[in-house]
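Trainee: Could you take me slowly through one part of this protein? I would like to follow it closely while I look at the picture.

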Amino acid sequence: FAEICASDKKSFALCIIDIKRFRKVNESLSRMAGNTLLKQFAERLCKAAGDSIYTARIGGDIFALVVPAVSDVMRLALMLESRLKQIIEEPFDLDGTLLKVSTKVGVAMYPADGADGETLIRNAETALKKAKSSVEDYLFYSHDMTIRISESFALERKLRQALDNEEFVLYYQPKVDVETRSVVGIECLVRWLSPDYGLVPPKEFIPLLEETGLILELGAWVLRRAMEDQRKWCEAGIIAPPVAVNVSPMQLRQRAFAGLVEQAIRENAGKARIDLEITESLVMEDIENNIENLTAMRALGIEIAVDDFGTGYSSLAYLARLPVQALKIDRAFVSDMHCDPNAMMLVSTMISLAHSLRLKVIAEGVESEEQAKMLRLLRCEEMQGYLVSEPLPFDDMTILLRKQLEQSGDPVN
Ligand code: C2E
Ligand code: CA
Ligand code: CA
């Protein structure tokens, strides 16, 4: 424990877990049953904790978790909540007697609630004691944190409602050909139109949705809506280019994902074409699994782009093996290109690399003509950014597509 304190410069959390009414089990069933419960609980706890969380049994029916590198207590709380649910959801089988149990948890944070093991344990125990006599399933030692977390839970509840009430909207941003400036693709970007907060950008709610697993529900909605909107364009006589949908790694890991996409395609009678964008660092994380799922997507005729390219650590060997068709160069490089020779060189290198792998390049966040010119000289195929258009609501995107249709005299394609 002292070792973790010394080695982990970052904050970490000590969570002490108590099985409620454990003594009752011992008394009313048997000590054997009590032992079986402890054993099964410990097994489920270790499984739920995974590799990155330390687990221990520190007393009769008391377990401890040390969660390293906690940067955000809110996420910690969500994580705790979902893992504990996973542990106690199913009843325990005590030699034929099925028993549901519940837990109480006390949490202390290093270093805020104690700089050594002893203080931390004492404070986590204090928090546990308070939790036991309250309605809360867990409490933080610091009162402020408990308040912050209950506020965030209010947010989580609101997000659940938002999904039920369909409070999300899709905005569309065109991708254009660097040479001709015609629209060759559209990226769809989700926003939350909240009755309480107004239009909320995705960065503020997607991490929370990912943490709670709700992202799967939102992701499925985004897919469906993007295809429906595209079909509407099609029915209005505008042949819109494919719509690129951002997918979260959690969605991609889902076994049913390919089926979901296939079904959405079928429902739109093949009238909608979507592409996918997947963040670089996340594709690389679970590469073998992802290759399999991405290959299934390819088989459906879907183009896949590696998003935020340059921010992760792609291994070239893997990049060559991935069934992807495009790289999107992260905005950070594009925006520094005209003032920072290093950024310029990086963009140039990324483009050559992509081309040598026969991949198309899309530059994100293009805001000036100067940047567009450099990209043209570097033979970048497509660009996207405020220079061309901000992300637009459906109706405005419809107008933009129509305008292009009139100018070219041809359907947009
Ligand atoms: P991203 O995929 O990298 O999306 C590009 C972001 O850059 C968008 O922010 C867009 O509004 C912004 N942007 C576009 N052009 C410019 C420009 O010229 N200058 C600047 N400064 N910014 C520009 P947004 O819409 O807030 O989205 C943020 C991130 O949220 C996205 O990053 C994406 O990772 C995620 N996201 C958005 N929609 C979804 C979704 O439906 N599902 C999932 N899983 N993630 C989504
Ligand atoms: Ca994207
Ligand atoms: Ca991006």
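Trainee: Let me begin with a small spot in the backbone: between which strand and which helix is the loop where Arg-21 is found?

Mentor: Happy to help, and please keep in mind that this is a predicted model. Arg-21 is found in the loop that runs between β1 (12–19) and α2 (22–28). What makes this loop worth a look is the backbone angle: Arg-21 has a positive phi of about 55 degrees, although it is not a glycine. Most residues other than glycine have a negative phi, and most peptide bonds are trans. You can set a second loop beside this one. Pro-111 is found in the loop between β6 (103–110) and α5 (117–132), and the peptide bond that leads from Tyr-110 to Pro-111 is cis, with omega near 0 degrees.

Now let us move on to the ligands. Turn the model until you can see ligand 1, which takes up the space of the largest pocket. Around ligand 1 there are 21 residues, and the closest are Gln-173, Arg-191, Arg-331, Glu-367 and Tyr-386. If you sort this shell by class, you get 8 nonpolar, 5 polar and 8 charged residues. Strands β9 (183–194) and β13 (304–309) each give at least two residues to the shell, and β9 supplies the largest share, with 4 residues.

Next, look at individual atoms. A polar side-chain atom of Arg-331 lies 2.6 Å from an oxygen atom of ligand 1. An N or O atom in the side chain of Asn-246 is 3.2 Å from an oxygen atom of ligand 1. With Val-190 the backbone takes part: one of its polar backbone atoms is 3.1 Å from a nitrogen atom of ligand 1. The protein covers 85% of the 800 Å² of accessible area that ligand 1 has on its own.

Asn-246 also leads us to the metals, since its OD1 is one of the donors of the calcium ion (ligand 2). The other donors of this ion are Glu-187 (OE), Glu-277 (OE) and Asp-307 (OD), and the distances run from 2.2 to 2.3 Å. Glu-187 lies in strand β9 and Asp-307 in strand β13, so the pair ties together parts that are 120 residues apart in sequence. Along the chain, the donors of ligand 2 follow the spacing E-x58-N-x30-E-x29-D.

Asp-307 has a partner on the other side too: it coordinates both calcium ions, ligand 2 and ligand 3, which are 4.1 Å apart. For the calcium ion (ligand 3), the coordinating atoms come from Asp-307 (OD), Asp-308 (OD) and Glu-364, which is listed with OE twice, at 1.9 to 2.8 Å. Their spacing along the chain reads D-D-x55-E.

Conventions
Residues are numbered from 1 along each chain as its sequence is written. Chains are lettered from A and ligands numbered from 1 in the order in which they are written. This is a predicted model: local features need pLDDT of at least 70, side-chain atom pairs count only at pLDDT 80 or more; totals for chains, interfaces and linings use all residues. Side-chain values use heavy atoms; hydrogens and water are left out. A residue is near a molecule or strand if one of its heavy atoms lies within 4 Å of it. A polar contact is a pair of N or O atoms within 3.5 Å; within protein, one must be able to donate a hydrogen and the other to accept it, and residues adjacent in sequence count only if both atoms are side-chain atoms. Accessible areas come from the Shrake-Rupley method with a 1.4 Å probe; for residues, only the protein chains shown count as cover. On a 1 Å grid over the protein atoms alone, a cavity is a set of points where a 1.4 Å probe fits but cannot get out, and a pocket is an open set with protein on both sides within 12 Å along at least five of seven lines; lining residues have an atom within 4 Å of a point. A molecule sits in a cavity or pocket if more than half of its atoms lie within 2 Å of its grid points. Ala, Val, Leu, Ile, Met, Phe, Trp, Tyr, Cys and Pro count as nonpolar, Asp, Glu, Lys and Arg as charged, and the others, Gly among them, as polar. Donors are N, O and S atoms within 2.8 Å of the metal (3.2 Å for Na, K and Ca); water is not among the atoms, so sites may look incomplete.
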